[in-house]
Every structure is written in structure tokens, then in C-alpha cells.
Amino acid sequence: MTDEYPIFALSEEHRAVRAAVRALCDDKVAPYAAEADRLAEFPQASFDALRAADFHAPHVPEEYGGAGADALATVIVIEEVARACASSSLVPAVNKLGSLPLILAGSADLKQRYLPRLAAGEGFSYCLSEPEAGSDAAAMRTKATRDGDAWVLTGVKRWITNAGVSEFNTVFAVTDPAAGGQRISAFVVEKADEGVSFGAPEKKLGIKGSPTREVYLDEVRIPADRMIGDEGTGFATAMRTLDHTRVTIAAQAVGIAQGALDYALGYVQERQQFGRSIAEFQGLQFLLADMGMRVEAARQLTYAAAGRSERGDEDLTFFGAAAKCFASDVAMQVTTDAVQALGGYGYTSDYPVERMMRDAKITQIYEGTNQVQRIVAAKQLLAGVQSQL
Ligand SMILES: Cc1cc2nc3c(=O)[nH]c(=O)nc-3n(C[C@H](O)[C@H](O)[C@H](O)COP(=O)(O)OP(=O)(O)OC[C@H]3O[C@@H](n4cnc5c(N)ncnc54)[C@H](O)[C@@H]3O)c2cc1C
């Protein structure tokens with residue numbers, strides 16, 4: 001027996017990351033979660049705390065001034081922030097989503113220009129979805145037309161997380177409508193570029209502290225060297241990015257579920273009915289046991305997927321979709337069960353599980369709905385992709 005069994009135990013470093021993020025979030029993120037939800041306002045104080053500790057974009061490599069967290073450490077950061085405040089967990093999650101196309105496919109020069117600024121605290125959003133192109137993202141209409149040494153972008157992107165807060169955006173646009181699978185290219189568009197504007201914040205069920213807006217591109221002229229990768233590779237880059245970042249949504253879901261479980265465990269030991277603690281009733285114990293089993297299964301699958309993301313394994317597409325789908329379904333069920341465990345009190349905004357239940361729902365929808373995840377997962381299985389342990 002060694003101290004560190006390599007597959008199913010976290011390393012000392014990863015455990016230390018969890019302890020550091022949890023301490024910070026208990027102290028400086030959790031206290032603002034209810035207010036961010038109630039006011040539907042970006043939790044600036046939580047952002048500032050995450051930024052000061054380098055947890056706002058932990059995935060940025062050290063050579064660009066970032067913390068250089070590997071995929072698993074990034075997942076642990078997002079999970080722990082989500083346990084305290086789901087809206088705040090969108091900061092590290094979307095900074096990874098927005099910048100991963102650049103990290104995976106951008107030129108050395110483009111990375112040098114933008115990644116240090118991301119590490120320093122300027123945000124990065126990901127603009128794929130459009131009003132008429134959600135699950136079928138390839139049906140996008142935003143177009144980019146070449147004009148000398150520039151590209152001119154026109155169109156509408158919808159549902160863009162942190163739009164208007166982020167300084168930078170990865171925008172996907174059609175560069176050659178006749179090029180079939182190579183129709184789409186990716187670009188870095190800055191918030192300050194002329195012709196960029198934003199819609200009003202969407203009024204949402206949950207993650208209310210995370211602004212979601214439309215992004216309007218009105219003949220936005222950008223230098224040609226802002227293209228990420230080669231012309232026509234944008235859609236492949238968008239999908240490759242999602243393989244990795246679905247793992248971070250799984251982590252967000254695990255964190256929300258853990259937060260709800262932790263709260264319920266405390267509550268049931270305090271609450272008295274029929275002359276004793278409700279935790280003594282077996283009916284409730286079975287509910288808690290199921291919650292705990294589900295959260296742990298989701299966490300194990302998510303960490304297994306994070307390993308695949310770090311190594312770039314062949315079965316990442318399956319694991320990313322499976323982890324996101326499973327963990328988000330677990331988050332929905334566990335947060336709903338937490339409301340049940342609190343009875344009528346759980347149904348009010350005086351207790352956090354009601355917020356957690358509303359926040360959990362989005363994890364079943366974005367970065368591809370869970371119907372889409374099941375399509376992706378089934379396609380991988382039918383293509384013979386096997387789990388590689
Ligand atoms: C709060 C929020 C934040 C978001 N952030 C971002 C972001 O930062 N960047 C970004 O680009 N996008 C973002 N999105 C967009 C999100 O990824 C899309 O909403 C999602 O992919 C679904 O697209 P849609 O809403 O158009 O639904 P639709 O595609 O219209 O789907 C409607 C229903 O039909 C089902 N459906 C569709 N096609 C199929 C099929 N082939 N088989 C079975 N069922 C199917 C879906 O599962 C769903 O239940 C965000 C969305 C929200 C709500």
C-alpha cells in the first residue's frame with residue numbers, strides 16, 4: 001500500500017487547492033450569494049476575492065502569468081465556488097470557455113496578446129449561440145466578410161454569459177457559406193471594438209448574479225490576425241472546446257448539489273418534530289443517503305472526465321458529455337430533495353436550498369442541453385469508443 005493510490009485519490013496538491021478555495025468561498029463568496037440572487041446583480045465582491053486569489057481564471061498557463069491549474073484543479077475550483085454561489089462559479093467557468101478556443105487553436109502572437117490580460121482579471125466570453133441557432137449551432141447566421149487586411153462581422157449572438165462584463169469574446173461566424181463543414185471561423189472580438197453592443201440582461205430563473213445578454217455585432221471591423229486558427233476551422237474548435245468545458249459544467253453541478261446536501265444535513269439535525277430530531281426518521285435518512293450517493297457518483301465521473309481533459313484522451317467527448325449530463329441531472333434531483341428535507345422552509349428564500357434548486361436547472365441546459373449530451377454520448381458508444389482507464 002502506498003500513501004497515494006494513484007487513480008482514485010486526489011494528490012496532496014489537489015486537496016490543498018480544495019481547502020484554499022473552500023476557505024476563501026466560505027469567507028468571501030458565500031456571504032454575497034443570496035444578495036446577488038435577490039438583486040440579480042453581478043457579485044463584484046465575490047469576483048474581487050476570486051481575482052485576488054487567482055481563482056478567476058485558474059486554467060491560464062503560468063507562461064502567460066496565470067495560475068497554471070491543470071484540468072482537475074480547475075474543476076475543483078469551479079466545484080467549490082459553485083458550492084457557495086453558482087453565479088460566481090460562472091467566472092472561472094466562462095473564462096475557461098471563452099479563452100479555450102484561443103489556447104487550443106490560436107497563434108502564439110494572439111495568445112501572448114490576450115492571455116496575460118485574462119490572467120490579470122479581464123474576462124473572456126464565448127459567443128456561439130444565436131436566436132435561431134441553439135442546439136443546431138452550426139446553423140448560425142453571423143457572418144464575417146474579408147475586406148483587405150480586416151474582417152467585418154455582423155450578426156446577433158444570444159444568451160452570452162458575462163457579456164458586457166468580459167473585455168474579450170470568442171465569436172464564431174460564417175466566413176464562407178459554401179464551404180460545408182468549413183463554413184465557420186473563430187475570432188477574438190473586444191468589448192471596445194466599434195460596432196459591439198449588448199442587450200438588456202435576461203430575466204432568469206436562476207444564476208441571477210451571472211449576467212446573460214445578447215451581443216450585437218454591427219459591421220465590427222477587426223484586424224485579420226484576430227482570427228483564431230485557420231479559416232474554416234471555427235466549428236471544429238468550438239466543439240473541441242465544449243468537450244473540455246462540459247467537464248467544468250459537471251463540476252459546477254456537483255458543487256451546487258454538494259452545497260444543498262451540506263445544508264440539508266445540518267438542518268435535519270436541528271429541526272425537531274414528534275419530539276425528536278427529524279434526522280432520526282428513516283424515511284429522511286434514505287433520502288439523504290440517496291443524495292449522498294448521487295453526489296459522489298457525479299463527482300467521481302467528473303474527476304475521471306477531468307483527467308481525460310488534461311491528457312486529451314480519445315474518449316474525452318464521451319466523458320465530457322456523460323459527466324455534464326449525469327452531474328446536472330444529479331444536481332437537479334439533489335437540490336429538489338434538499339428542498340423536500342427542509343419542508344415548507346425549504347420552499348422560501350429565507351433558506352439557500354430554494355436558490356440552489358433554481359440555479360441547478362441551468363446546468364441541464366447550457367453548453368448543450370442534456371438531450372444533446374445524450375445524442376453525443378450515444379454517438380460515441382455506437383462508434384465503438386471505449387473507456388480508457
Ligand atoms: C443562462 C444561459 C447562459 C448561456 N450562456 C451561453 C454562452 O455563454 N455562450 C453561448 O454560446 N451560449 C450560451 N447559452 C446558450 C445555450 O447553450 C443554449 O440555450 C442551448 O444550447 C440550447 O439552445 P436553445 O436555447 O436554442 O434551445 P433549442 O435548441 O431550441 O432546444 C429546445 C428543446 O429542444 C431539444 N432539442 C433540440 N434539438 C434536439 C434534438 N436533435 N434531439 C432531441 N432534442 C432536441 C432541446 O434539448 C430542448 O429541450 C446560454 C443559455 C442560457 C439559458
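Helices (H or I, at least four residues) and strands (E, at least two) are here DSSP runs, numbered from the N terminus, and the labels used on this tour through a predicted model follow that scheme.

Begin by selecting the ligand, which occupies the largest pocket. The elements that contribute two or more residues to the shell around the ligand are strand S3 (150–161) and helix H11 (370–382), and S3 supplies the largest share of that shell, 3 residues.

Next, select the residues around the ligand, 19 in number, among which Tyr126, Ser129, Ser135, Trp159 and Thr369 come nearest. Coloured by class, this shell shows 9 nonpolar, 8 polar and 2 charged residues.

Now turn to the polar contacts made by ligand nitrogen. At tyrosine 126, a polar backbone atom lies 2.8 Å from a nitrogen atom of the ligand, whereas at serine 129 the partner of a ligand nitrogen atom is an N or O atom in the side chain, at 2.7 Å. Select threonine 161 as well, where an N or O atom of the side chain is 2.8 Å from a nitrogen atom of the ligand. With a surface displayed, note that the ligand taken alone exposes 980 Å², of which the protein buries 65%.

Finally, colour domain 2 (124–234) and domain 3 (235–382) separately: both give residues to the shell around the ligand, and the ligand therefore lies between them.

Definitions and conventions:
Residues numbered from 1 in each chain as written. Predicted model: local features only at pLDDT ≥ 70, side-chain atom pairs only at ≥ 80, totals over all residues. Heavy atoms only, no water. Near = heavy atom within 4 Å. Polar contact = N/O pair within 3.5 Å; in protein donor to acceptor, adjacent residues only side chain to side chain. Areas by Shrake-Rupley, 256 points an atom, 1.4 Å probe, with all protein chains shown as cover. 1 Å grid on protein atoms, 1.4 Å probe; cavity = no way out; pocket = protein on both sides within 12 Å on 5 of 7 lines; lining within 4 Å. Sits in = over half its atoms within 2 Å of the grid points. Nonpolar A, V, L, I, M, F, W, Y, C, P; charged D, E, K, R; others polar. Domains from an automatic or database assignment.
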